[in-house]
Amino acid sequence: MKKNAIALAVGALCIAPAAQAQIVFGNDQIGTMQIYGRLYPQMQASKTSGASTAGTPVSTMAVTSGTLATSGVDQGTHFGIQTSNSRLGFRGERRLGSTGMKAIWQLEQAINFEDPDDVAAGGGGVSGTDVVFATRNSFVGLNTAFGTVKLGNMDTIYKEYGDTLNMFGIKSGNLVSASNMLSHIGIGSSGAARFHERTPNSIQYETPTFAGLTLGVQYMPDERHGDPAVTVNKKLWSYGAKWEQGPFYVSLAHEIHRDFFGGSANVASSLRNSGDAHASSKDTATRLSAVWRFMQGHEFTFDIAKMKWTEQPGIAITAPRFAEFKHTNWALGYEGRLGGGWRTAAQFVQAGEGSCSFQGPPTLTCTTTGLKSNMISLALGYDLDRQTRLYAIGNRTNNGASARYDSTSLLSPARGADITSYALGISYTF
C-alpha cells in the first residue's frame, strides 16, 4: 500500500505541470499537496511634487491651526527593484473517509528577494525577514455540505469579496493597487485606519454556493483582552455576500474594527484619544463591488466604499479631541486582452473630502479642506506564455492639500504631495 501511494504521488508530480500551473503531489487516497506562487520583481522609479507649502489651508484634523506652518519637501526620483507581493504557497486537502467532508490547509508567505537586509547597500530591512512562514493567507479548515470553516491568518471577507480589479494579478502591495486609496483614511498614512486587512487569530465561515450566492462571516478576537494591563478590546468582524452568474459578479461587504483607533493614529497628536486608557473606538466600512466580463478576456469593475472612524473618550476632556470622520471613495477599472499576447488595464480611484467632528470644548471646528484626492493607474502587458508575462505600469496619485495617500514604498510623501511612479517587471506564475 505504501509503495502504491508513493507511486501515485510521483505520478501526480509528473503529469500535473502539463495540466495546470501548480505542481500537485498525491491523490484523494493519501491527500494532496500543491505548490504554487507568483513572483513579480519590477524596476521602479517614484518621485513626489507639489507638496503643500507654509500657509496652505488644510484640514484641522491634520493641523489644528487650519494652515501649515512649514512647507513640505518634495522628494526626487527614487529607483529600486521591488518584489512587490511575490509569494510562495503550499496547500492541500484530504477526504475524511465516507463522511463527505474534506480537511483543507494552506501555508502562504511573502517572498522578498531584493535583499532588504543589506542596510549598508541601501536596504531598509531587518535581518531574517526575507522569508517568514505563514505571513499571507494560512489556515486549516473543514469543507462540508454545510459550508467551509477555516482558522488561521486570512484576508477578511471585506477584502476578499471586494478589491475586484487584479491589474494582471497585481493587487495589494503595489503602486497600482486600488486599496492604497479606496480603503484608507487619507488624512494620514497609518495602517490602523485601513480596511484592506489580513487578520491573524481569526475564524471564517462561508456557506455553500447556491444559485451563485455565497455568504461569509469572519471574526478576530483580541487575545490580550482580559489582561489587567490591557484597557482595550481590539477585535474585528467582517461579513458579506457575493453573487456570480455568467459574466456578472456583485458583492456587498461590511467590516467593523473595535478599538483600532484608526482616526487617532492619523490626526494631529493633540487630538488623539488613543492615549486615554478608558477611550474606545468603532471604525466601520461598507463596500459594493461589481464586475462585468464581456466578449472574451475583457472586464469592467466598479467599487464604492463608505467608511467611518468614530471615537469616544473615557473621561471628561478639557481640550478638543477627534470624534468622527467619514467619507466615500469609489473606483472604476478595466482590463482586457488586445490579441497576440498583449493586454492592457486602467483604473481610476476617487477619494471623497468627507465630513468630520470634534468633541470636548467647542473651541475648534473640524474641517476636511483639501482631502479630496484621486489616483490613476495604467498598465500594458505581454504574455510570453501562460505563466510568464512582461509588464509596464504607471501611477499618478494626486493628493489634496491635506491628504497623505501613499502608493509607493520607495519614499514617504509629504502632506499634499503628488506621487508619480513607473515600473517595468516580469511576472512568473506557478
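This is a tour of a predicted model, from the whole chain down to single side chains. Local features are given only where pLDDT is at least 70, and side-chain atom pairs count only at pLDDT 80 or more, while totals for chains, interfaces and linings use all residues. Residues are numbered from 1 along each chain as its sequence is written, and side-chain values use heavy atoms, with hydrogens and water left out.

**The whole chain**

Start with the cartoon view. The protein has three helices and 20 strands; these are DSSP runs numbered from the N terminus, with helices (H or I) of at least four residues and strands (E) of at least two. The radius of gyration is 23 Å, close to the 22 Å that the globule rule gives for 430 residues, so the protein is as compact as a globular protein of that length. This radius is taken over C-alpha atoms, and the rule is 2.2 Å times the number of residues to the power 0.38. Along the principal axes, the C-alpha atoms fill a box of roughly 80 × 50 × 50 Å.

Of the 430 residues, 48% count as buried. Buried means under 20% relative accessible area, exposed means over 50%, and partly exposed is in between (1.4 Å probe, protein chains only).

**The inside**

Select Met61, Trp309, Phe325 and Val349. Of the 30 residues in the largest nonpolar core, these touch the most other members. A nonpolar core is a set of buried Ala, Val, Leu, Ile, Met, Phe, Trp, Tyr and Cys residues joined through side-chain atoms within 4.5 Å. The elements that give two or more residues to this core are α3 (179–182), β14, β15 (321–339), β16 (342–351) and β17 (355–359).

Now centre on Met61. Among the residues in contact with Met61 (heavy atoms within 4.5 Å) are Ile187, Val267, Leu271, Phe325, Phe358 and Leu371. Another core, of twelve residues, lies apart from the largest one, and Tyr40, Leu165, Leu175 and Ile393 are among its members.

**A nonpolar patch on the surface**

Switch to the surface view and select Leu213, Leu215, Trp243, Phe248, Val250, Leu252, Leu288, Trp292, Phe300 and Ile304. They form a nonpolar patch with about 850 Å² of accessible area together. Areas come from the Shrake-Rupley method with a 1.4 Å probe, and for residues only the protein chains shown count as cover. Patch residues have over 30% relative accessible area and no salt bridge, and nonpolar side chains (Val, Leu, Ile, Met, Phe, Trp, Tyr) are joined within 5 Å.

Which strand gives the most to the patch? β12 does, with three residues. Trp292, in strand β13, counts as partly exposed because its relative accessibility is 39%.

**Salt bridges**

Side chains of opposite charge can pair when their charged atoms come close. The structure holds 13 salt bridges, each a side-chain nitrogen of Lys or Arg within 4 Å of a carboxyl oxygen of Asp or Glu.

Select Arg293 and Glu244, whose closest N and O atoms are 3.0 Å apart in a salt bridge. Arg293 lies in strand β13 and Glu244 in strand β11 (residues 235–245), so the pair ties together parts that are 49 residues apart in sequence. Add Glu299, which meets Arg293 in a salt bridge at 3.8 Å, N to O. Glu299 counts as buried, at 16% relative accessibility.

End with Glu335, Arg343, Asp383 and Arg389, which are joined into one network by salt bridges that share partners.

Terms used:
Patches are made of residues with over 30% relative accessible area and no salt bridge: like charges are joined within 9 Å, nonpolar side chains (Val, Leu, Ile, Met, Phe, Trp, Tyr) within 5 Å. Lists of a residue's contacts leave out its neighbours within four places in sequence.
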